[in-house]
Each structure stands twice: as C-alpha cells, then as structure tokens.
Amino acid sequence: MKFATWNVNSLNVRLPHVLDWLNEAKPDVLCLQETKQEDIKFPYQALQDAGYHAVHIGQKTYNGVAIISRHPITDIQRNIPNFDDEQQRVIAATINGIRVVCAYIPNGQALDSDKYQYKLRWLTALHHWLKSELAQHPKLLLLGDYNIAPQDRDCHDPAAWVGQVLVSEPERAAFQQLLDLGLHDSFRLFEQAEKSFSWWDYRMAGFRRNLGMRIDHILVSDALKTHCSEAYIDKAPRKLERPSDHTPVVLTLSC
DNA sequence: ATGGCTTATTGTATAAGA
C-alpha cells in the first residue's frame, strides 16, 4: 500500500493538482493538510469520481485536514480526544487494518509567541493520545505537516535558523517523544539524497535554490517498520504553476 | 535586513504561514 501526505495550502486552489497527482502517483491513501475550507465546500464528488473515498474536518481560512483513500475508511476520529481545540488539525481513521492519523501540527510562529506555547501543548496532547491509540492499534501511521525539522540535516541552513521555530530544542524533543512511543521516521529508513526537503518558502526563489526544510513526515509504528519498502519526496508538484509551498511525501508498505 | 510570496477575507489592507 502506498501512503502520502501533502500540505496543499488551500484545497480550493490546489484541487486540480491533487486530482492530477492522484491520477499519476496512484496512492492508496493521501492525507491532506491546510484544506482551508468548511466541510460543505469539500470536493467529495470530484474525489469519488477519481475513485477515492474521503473524510474531512475543516474550517474557513485556516487549518483543515482530510484522508483520501481507495479503500473503505472506518472508525473516524476528528480532533484529539479530551483536548479542547477550536482549530481543526487532526483526523484519524482505520483503513485495511491500519490506523491512519493525519495531523497538521501548529507552526508556532516564534519562540516568544503564545502560538509557540500552543504548539508545545498541542504536541503533548498528541503524544498522550497516540500512546493509547498505539495500544489499541499496533499498526499505526502518523502522517502530516509536523512543522518540525527533526535534525540539522533537515534544514538548508541550520546556523541561520538557530532560535527559530521548526528547529528549536523543545520542538525536537517533542518529536523525539513521538519516536519514543515506538514510531520511526520512515524517510530515514532508506538512503536519501542530502538536502532532501518537503517545504520551500515562496519568497527568495526558495525552491529553485533548494532553500527548504523537511517538516512533513510519515512515522510508522514498530509493527509496520519491517513492511516499509520505499520512502521518497515527490518534488514534481512543487514545480507546477501556482504550487503549494509543500510537496508530497510518500511511503510504500509491502502489505 | 524580519523583507522577499501566497492565501483568504465581504478586502481595496490585514493576518498568517514557515
């Protein structure tokens, strides 16, 4: 099965890119972040016509997450249980016996911002919830925009980013806590090119100069680790006209 | 140098992203 995650920065704008990519890459499951639309505007019909089921939770202007799947989707969970959150950042479901968690982790804006505190609280809540999810579903994937570059090699210029969000020690410690639950960064299970990134700033010709960050990830549980057969970042959609600033991250499982 | 783009909003500037 082929899984992917993609922050589309408005599904309203990016639907043609998503439909084209589904047709070309033919993933079994695609997790989206930043749909930026209320559920009533979500393109269920267009996705169904393309052969995909979909579940979504969204809001106007900000956030919004969806799971798109060729296979039936069951046991849908929206948002983190017992965590009061007005922002629509999580949707989880079971597909072919695999628990799929799609998350849009907060950006945090700046280390001295209230949004940064929200990000850390949010990560703590995610960690607590995933602990119980893993107990119930040993076969689990956590896909999404983490807004965390786990290591210096995931940042185009670590020296320039010292003291910034995405790379700070508390964020990286939170990422490590997720790994400590028995999760693995699937991208790093395989040999990868240096300077592999999943996001590039629209400004300063960031993509052309490869001034990027690897902040979109697919973590796999212990039970799925040995089934991973391929992991890569597909840069093609980032080269299109009017692209999202993120590009799809892909994992293939041999089951 | 805190900018540079891009998105959405009942907009004609602002907030937010990363």
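Which residues in α3 meet which residues in α5? I opened the notebook with this contact, keeping in mind that the model is predicted.

**Entry 1. The helix pair**

I located helix α3 at residues 114–136 and helix α5 at residues 169–180. From α3, I noted Leu120, Leu123, His127 and Leu130; they meet Pro170, Ala174, Gln177 and Leu178 in α5. I sorted the residues of this contact by class and obtained six nonpolar, two polar and no charged. I then looked up the geometry: the two axes come within 10 Å and cross at roughly 5°. Angles under 35 degrees count as roughly parallel, and α3 and α5 are therefore roughly parallel to each other.

**Entry 2. Leu130 in α3**

I followed one residue of that contact further. Leu130 is found in helix α3 and counts as buried, with 25 C-beta neighbours inside 10 Å. Setting aside residues up to four places away in sequence, I found that Leu130 touches Leu142, Leu178 and Leu181. Of these, Leu178 belongs to α5 and appears in the helix contact noted above. I also checked a distant pair: Leu130 and Pro248 are 118 residues apart along the chain, and their C-alpha atoms are separated by 23 Å.

**Entry 3. The nonpolar core**

I turned next to the largest nonpolar core, which has 66 residues. Leu32, Ile67, Ile91, Val100, Cys102, Leu141 and Leu142 touch the most other members. Strand β7, at residues 98–104, gives the most to this core, with six residues. I recalled the general expectation that nonpolar side chains tend to be buried together in soluble globular proteins.

I chose Ile91 for a closer look. Beyond its neighbours within four places in sequence, Ile91 is in contact with Val55, His56, Ile57, Val65, Ala66, Ile67, Ile76, Arg78 and Cys102. Ile67 and Cys102 are themselves among the core members that touch the most others.

**Entry 4. Gln33 in β2**

Is Gln33 buried or exposed? I found this residue in strand β2, at residues 29–33. Gln33 has 30 other C-beta atoms within 10 Å, and 20 or more suffice for the term, so Gln33 is buried. Apart from neighbours within four places in sequence, its contacts are Asn7, Val65, Tyr104, Gly144 and Asp145. I noted in addition that the C-alpha atoms of Gln33 and Gly64 are separated by 5.9 Å, with their positions 31 residues apart along the chain.

**Entry 5. Phe42 after β2**

I placed Phe42 in the loop between β2 and α2 (44–49). Phe42 counts as buried, with 22 C-beta neighbours inside 10 Å. Its contacts, leaving aside neighbours within four places in sequence, are Thr35, Gln37, His56, Gly58 and Ala66. For Gly58, 16 residues from Phe42 along the chain, I recorded a C-alpha separation of 8.5 Å.

**Entry 6. The loop between β3 and β4**

I examined two residues in the loop between β3 (53–57) and β4 (65–69), beginning with Thr61. Phi of Thr61 is near 75°, a positive value in a residue other than glycine. Thr61 is exposed, with 10 other C-beta atoms within 10 Å.

Gln59 is found in this loop as well. I noted Gln59 as partly exposed, with 16 other C-beta atoms within 10 Å. Gln59 touches Glu38, Gly64 and Gln88, not counting residues up to four places away in sequence. The C-alpha atoms of Gln59 and Phe83, 24 residues apart along the chain, are separated by 18 Å.

**Entry 7. Asn96 before β7**

What is the phi of Asn96? I read a value near 50°, which is positive in a residue other than glycine. Asn96 lies in the loop between β6 (90–95) and β7. I recorded Asn96 as partly exposed, with 17 other C-beta atoms within 10 Å.

**Entry 8. The surroundings of DNA strand B**

Lastly, I looked up which residues come nearest to DNA strand B. There are 22 residues around the strand, and Ser10, Lys60, Asn107, Tyr202 and Arg203 come nearest. By class, I listed the surface near DNA strand B as seven nonpolar, eight polar and seven charged residues.

Technical notes
Residues are numbered from 1 along each chain as its sequence is written. Chains are lettered from A and ligands numbered from 1 in the order in which they are written. This is a predicted model: local features need pLDDT of at least 70, side-chain atom pairs count only at pLDDT 80 or more; totals for chains, interfaces and linings use all residues. A residue is near a molecule or strand if its C-beta atom, placed from the backbone, lies within 6 Å of it. Ala, Val, Leu, Ile, Met, Phe, Trp, Tyr, Cys and Pro count as nonpolar, Asp, Glu, Lys and Arg as charged, and the others, Gly among them, as polar. A nonpolar core is a set of buried Ala, Val, Leu, Ile, Met, Phe, Trp, Tyr and Cys residues joined through C-beta atoms within 7 Å. A residue is buried if 20 or more other C-beta atoms lie within 10 Å of its own, exposed if 12 or fewer, and partly exposed in between; C-beta atoms are placed from the backbone. Helices (H or I, at least four residues) and strands (E, at least two) are DSSP runs, numbered from the N terminus. Two residues are in contact if their C-beta atoms, placed from the backbone, lie within 7 Å. Axes are lines fitted to C-alpha atoms, for helices over the stretch in contact, and angles run from 0 to 180 degrees between N-to-C directions. Angles under 35 degrees count as roughly parallel, over 145 as roughly antiparallel, 65 to 115 as roughly perpendicular and the rest as oblique.
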